[in-house]
Amino acid sequence: MGEFTINKEKVLQALSTVQEPDLKKDLVTLGMIRDIEVGVNQVSFTVVLTTPACPLKELIRRSCVEAIHTQLSSDIDVKVNLTADVTSTRSGASVIPGVKNVIAIASGKGGVGKSTVTANLALALHRSGAKVGIIDADIYGPSIPVMFGAEDLQPTITPKDGKNYINPIRQYGIKMISIGFLTPPDSAVVWRGPMASQALKQFFGDTDWGELDYLLIDLPPGTSDIHLTLVQTVPVTGAVIVTTPQKVALADANKGLAMFRQPQINVPILGVIENMAYFTPAELPDNKYYIFGQGGGVKLAERYQVPFLGQIPLVQSIREAGDEGRPAVMNTESVGTEAFRDAAEALAQQVAIRNAGLEKTKVVEMRV
Ligand SMILES: Nc1ncnc2c1ncn2[C@@H]1O[C@H](COP(=O)(O)OP(=O)(O)OP(=O)(O)O)[C@@H](O)[C@H]1O
């Protein structure tokens, strides 16, 4: 085995042949390589990914090792450390500047599982190493507290710089705030328009979120004042549309999607998630029964040319987990866990692509 003088420049040159598959530029140009250390026949460096939930991590690691071996020498022992710094187009935002990405989770129709999807995506992102928060803005059915077994918890208030700040509840590593924490059960529905909008503004302006990679907003179904308040209050990174494969759900999902696309709102669509895509009995996990129809979510995504982020099966354990206050993703054995993890990775990937490619979303100005 020969000895090679490796220096940092050579390593950088070799790594500049590795493309980030989504962002279509090389790792060196993207500034993703750090901490190169060289020794005799060995090199180590860190690749800073755009999200810890990157589904391409192993591919990128392998491509780096391969590049060093083909460009320099196959005798070199390569150690690749992977870390992540979630990207944002919100830097400099005046409201919640420590939050890198605000992601709206919307559905056209009620009951399609939007809150279930929000809860599990949040936990899957957290599991990958991201800092995650949830705002439950679904005034008609604030289900996040129940899903997280947090219905008896009360947010505390901390005075800071002469102002009172709400401290989000922290449950299973996720920071969260919900209209459900502020109102007695059964009374949320009387929170009509202006009050609910005011509450949402407080969840942004008067809540101490600290640093977050992803803040997911569980919106009420359909289109509402809350949607408008959201886009008028903070720049939103993008929206996810949750639908079931049923015709009625898809028709409403169309409307929901079109709303974000309106020129005066203009929030990028990060993708479509098809929930209850097929039924799987726990004892026959390989059997799929398309009881609500098949392929609707994919067709919706195709029609609007937006990414399809994944299918979540209809399984009894997902419903039970929600009712028990421990979302399905917390159980590694659950049939749904993998589906939610894949969808979370696809979402994180789309956020990274959106942040690399599109301009900042602007707050929607109200014309009076
Ligand atoms: N993939 C799934 N498998 C099994 N049950 C599910 C699944 N997704 C959601 N559910 C169940 O369906 C019901 C409705 O889900 P959820 O409350 O998440 O819907 P939603 O769209 O947020 O409703 P809302 O109209 O109140 O906003 C819940 O009981 C939930 O546990």
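**Close-up views of a predicted model**

**Figure 1. Surroundings of helix H8 in the predicted model.** The buried residues of H8 are covered by elements that include strand E6 (99–107), helix H7 (225–233), strand E13 (238–243), strand E14 (269–279) and helix H9 (296–304). H8 itself runs over residues 247–261. With 15 residues, H8 spans 21 Å from its first C-alpha to its last, close to the 21 Å expected at 1.5 Å a residue. The buried positions in H8 are Ala249, Leu250, Asp252, Ala253, Gly256, Leu257, Met259 and Phe260. In an α-helix there are 3.6 residues a turn, so residues three or four places apart point the same way.

**Figure 2. Helix H8 against helix H9.** The two axes come within 11 Å and cross at roughly 30°. Angles under 35 degrees count as roughly parallel, so H8 is roughly parallel to H9. The crossing in which H8 passes H9 is right-handed. On the H8 side the contact is made by Leu250, Ala253, Asn254 and Leu257, and on the H9 side by Gly296, Leu300 and Tyr304. Five of these contact residues are nonpolar, two are polar and none is charged. Leu250, Ala253 and Leu257 also appear among the buried residues of H8.

**Figure 3. Helix H3 and the glycine just after it.** H3 occupies residues 114–128. The helix has 15 residues and reaches 21 Å from first C-alpha to last, close to the 21 Å expected at 1.5 Å a residue. H3 is mostly covered, with 15 of its 15 residues buried. Just after H3 comes Gly129, where phi is positive at about 115°.

**Figure 4. Helix H3 crossing helix H11.** H11 consists of residues 335–357, and its axis comes within 9 Å of that of H3. The crossing angle is roughly 75°, and H3 and H11 are therefore roughly perpendicular to each other. H3 supplies Asn120, Leu121, Ala124 and Leu125 to the contact, while H11 supplies Phe340, Arg341, Ala343, Ala344, Leu347 and Ala348. By class, the contact has eight nonpolar residues, one polar and one charged.

**Figure 5. Helix H1 meeting helix H2.** H1 covers residues 8–15 and H2 covers residues 57–71. Their axes come within 8 Å and cross at roughly 115°. H1 passes H2 in a right-handed crossing. Val11, Ala14 and Leu15 of H1 meet Cys64, Ala67, Ile68 and Gln71 of H2. This contact holds six nonpolar residues, one polar and no charged residue.

**Figure 6. Lys24 and Gln305, with positive phi values.** Most residues other than glycine have a negative phi. Phi of Lys24 is near 55°, a positive value in a residue other than glycine. Lys24 is in the loop between strand E1 (19–20) and E2. With 11 C-beta neighbours inside 10 Å, Lys24 counts as exposed. Gln305 is not a glycine either, and its phi is positive at about 50°. The loop between H9 and strand E15 (308–314) holds Gln305. Gln305 is exposed, because 7 other C-beta atoms lie within 10 Å.

**Figure 7. Thr29 and Gly111, two loop residues.** Thr29 lies in the loop that joins strand E2 (25–26) to strand E3 (33–39). Thr29 counts as exposed because it has 12 C-beta neighbours inside 10 Å. Thr29 and Arg261 are 232 residues apart along the chain, and their C-alpha atoms are separated by 32 Å. Gly111 is in the loop between E6 and H3. Gly111 also counts as exposed, with 12 C-beta neighbours inside 10 Å. From Gly111 to Ile179 the distance is 68 residues in sequence and 18 Å in space, C-alpha to C-alpha.

**Figure 8. Gln171 in strand E10.** Strand E10 is made of residues 169–171 and includes Gln171. Gln171 has 19 C-beta neighbours inside 10 Å and so counts as partly exposed; 20 or more would make a residue buried. Leaving out residues up to four places away in sequence, Gln171 touches Phe148, Ala150 and Met176. The C-alpha atoms of Gln171 and Leu153 are separated by 9.6 Å, with the two residues 18 apart along the chain.

Methods: Residues are numbered from 1 along each chain as its sequence is written. This is a predicted model: local features need pLDDT of at least 70, side-chain atom pairs count only at pLDDT 80 or more; totals for chains, interfaces and linings use all residues. Helices (H or I, at least four residues) and strands (E, at least two) are DSSP runs, numbered from the N terminus. The expected span of a helix is 1.5 Å times one less than its number of residues. Two residues are in contact if their C-beta atoms, placed from the backbone, lie within 7 Å. Axes are lines fitted to C-alpha atoms, for helices over the stretch in contact, and angles run from 0 to 180 degrees between N-to-C directions. Angles under 35 degrees count as roughly parallel, over 145 as roughly antiparallel, 65 to 115 as roughly perpendicular and the rest as oblique. A crossing is left-handed if the near helix is turned anticlockwise from the far one by less than a right angle, and right-handed if clockwise. Ala, Val, Leu, Ile, Met, Phe, Trp, Tyr, Cys and Pro count as nonpolar, Asp, Glu, Lys and Arg as charged, and the others, Gly among them, as polar.
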